[in-house]
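Visitor: I would like to go through this structure term by term, asking each time what justifies the word that is used.
Guide: Then let us take the words one at a time and set each against its criterion.

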Amino acid sequence: MNNNRRNKILKELDRIRKKDFTYESGHILGSMCTQPHPIAKQAYMKFLETNLGDPELFPGTKDIEKNLIDFISKLLNAPTSSTGLIMGGGTEGNITSMWLAKKLSGKKEIILPESAHFSFQKIASLTDMKLVPIPLDKNYSMDVDLVKGKISKNTAAIVGIAGSTELGTVDSIPDLSKICQDNDIFLHVDAAFGGYVIPFLKKLGHDIPDFDLKLKGVSTISIDAHKMGYSAIPLGTLIIKDKKWLDKISVEAACVSSKTQTGLMGTRSGGPVAASYAVTKYLGLSGYKKLIDNCMNVTYHTEKKLREIGLKPLIKPTMNVLGIKLKKPDVVVQELTKYGWKVNKIDRIGCIRLVLMPHVTQNIIDDFVIDLEKVCKQTGEL
Ligand code: PLP
């Protein structure tokens, strides 16, 4: 390679990259992603060129994928009949699940909470399925009492969220599981964020109801390693209760080494798979438990600091997500950006959202709260 040319290109990339916010700075406070664990970066590079869309060329990488799916299946109490598919993230997990539900049922309505991720809007547009939203209760979880009344002969699936995008709330999946079993309806649990959190909160003694495939009514569950799994983008997994269902979303694959291909993606890198596998091996269950405990401690610290300046979270946090109700969240977000902080606003609720990811420390929160207080005073929130 021509060294001059290479250096020039790399310098240009460095210069452009400087425009980005970084997790390392600690100033990204509203994202559900984080800086991947260092071992994820090393593993990713080793598998950069591998293609799991053509698995017989890469049997070693395929083995790693199987090991990762086994780890996640065990984490989510999947039965032996189950299988898993690697996804680009939570959006693909939701799309694939609803594709499966539509094919299995031949029906087109999806009952889901108002807090469902906007990827369901894409699903409605892509697949011509109709969304039947269920209002939330006072704790910002799906009001499950309203679900039965919305079931019709057209219902293809019910969706519950375990770790909502807006506030990290968990819908009552045991109730949804019972409803789905009684009415023979497909149940998808969107645990894109909470999948790597709830199992460890339970181990830490938090009182959270079951949410995974331990419940007989759950059909699929999505979980993203590129969120709280501390791994590299893009990596989600969809665990499917019955591997026979895969026929419904498989096609004959003419020009790759395997006979069929399942799911949406064709060519896909083994890099993120190896990265996520390496993190699971490195951290193990005890490492994840510690990680979640740390994030929760930062969350409680944040809650305390907010109360000290006269702000309070919208609801008691279930996981490491905090919503703060404000009169003009968009103005506060804009002003905070001037101080170098990136937080998200949730228009539907009229709040700002903080996600206390592994890159956020108590010291960072202390600095942030000083600026937040200034901004809230400037803008008349305090
Ligand atoms: N589901 C939930 C609950 C989420 O919070 C998100 C993203 O934040 C998604 C799905 C979509 O995930 P992705 O952006 O990885 O596609």
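The conversation below moves from the ligand to the core and then to single residues.

Visitor: How do you know where the atoms are?
Guide: This is a predicted model, and side-chain atom pairs count only at pLDDT 80 or more.

Visitor: Which residues come nearest to the ligand?
Guide: There are 13 residues around the ligand, and those that come nearest are Thr91, Thr165, Asp190, His226 and Lys227. Being counted as near requires a heavy atom within 4 Å.

Visitor: What makes the pair between Lys227 and the ligand a polar contact?
Guide: The cut-off for two N or O atoms is 3.5 Å, and an N or O atom in the side chain of Lys227 is 2.8 Å from an oxygen atom of the ligand, so the pair qualifies as a polar contact. The same reasoning can be applied to His226, with a polar side-chain atom 2.9 Å from a ligand oxygen, and to Gly90, where a backbone N or O atom lies 3.2 Å from an oxygen atom of the ligand. As for the surroundings as a whole, the protein covers 84% of the 400 Å² of accessible area that the ligand has on its own.

Visitor: Which element gives the largest share of the shell around the ligand, and how do the residues of the shell divide?
Guide: Helix α4, residues 90-105, gives the largest share of that shell, with three residues. By residue class, the shell divides into eight polar, three charged and two nonpolar residues.

Visitor: Which residues have the most contacts inside the largest nonpolar core?
Guide: That core has 65 residues, and Ile158, Phe193 and Tyr196 are those with the most contacts inside it. Among the elements that give two or more residues to this core are α2 (38-46), α3 (59-75), β3 (130-134), β5 (186-190) and α8 (271-308). The largest share, 11 residues, comes from α8.

Visitor: Why is this core said to lie between domain 1 and domain 2?
Guide: Domain 1 is made of 3-37 together with 285-378, domain 2 spans 39-279, and both give residues to this core, so it lies between them.

Visitor: Why is Thr220 called buried?
Guide: Buried means under 20% relative accessible area, and because Thr220 has 0% relative accessibility, Thr220 counts as buried. Thr220 has its place in strand β6, and a polar contact of 2.8 Å joins its side chain to that of Ser97.

Visitor: Why is Glu252 called exposed?
Guide: The word exposed calls for over 50%, and Glu252, at 74% relative accessibility, therefore counts as exposed. Glu252 is found in strand β8, residues 250-252, and its C-alpha atom is separated by 52 Å from that of Gln362, which is 110 residues apart from it along the chain.

Visitor: Why is Lys108 called partly exposed?
Guide: Partly exposed is the range between 20% and 50%, so Lys108, at 39% relative accessibility, counts as partly exposed. Lys108 lies in the loop between α4 and β2 (109-113). The C-alpha atoms of Lys108 and Met98, 10 residues apart along the chain, are separated by 9.2 Å.

Visitor: What makes the phi of Tyr140 worth a remark?
Guide: Most residues other than glycine have a negative phi. Tyr140 is not a glycine, yet has a positive phi of about 65°. Tyr140 is found in the loop between β3 and β4 (155-161) and, with a relative accessible area of 24%, is partly exposed.

Visitor: What is the phi of Asp184, and is Asp184 buried or exposed?
Guide: The phi of Asp184 is positive, about 50°, although Asp184 is not a glycine. Asp184 is found in the loop between α6 and β5, and at 73% relative accessibility counts as exposed. Asn183, by contrast, has its place in helix α6 and is partly exposed, with a relative accessible area of 38%. A polar atom of the Asn183 side chain lies 2.8 Å from the backbone oxygen of Ile179.

Visitor: Which residues does the cis peptide bond join?
Guide: The cis peptide bond joins Ile233 and Pro234, with omega about 0°. Most peptide bonds are trans. Pro234 lies in the loop between β6 and β7 (236-240).

Notes: Residues numbered from 1 in each chain as written. Predicted model: local features only at pLDDT ≥ 70, side-chain atom pairs only at ≥ 80, totals over all residues. Heavy atoms only, no water. Polar contact = N/O pair within 3.5 Å; in protein donor to acceptor, adjacent residues only side chain to side chain. Areas by Shrake-Rupley, 256 points an atom, 1.4 Å probe, with all protein chains shown as cover. Helix = DSSP H or I, 4+ residues; strand = E, 2+ residues; numbered from the N terminus. Nonpolar A, V, L, I, M, F, W, Y, C, P; charged D, E, K, R; others polar. Core = buried A, V, L, I, M, F, W, Y, C linked by side-chain atoms within 4.5 Å. Buried < 20%, exposed > 50% of the residue type's maximum accessible area, 1.4 Å probe, protein only. Domains from an automatic or database assignment.
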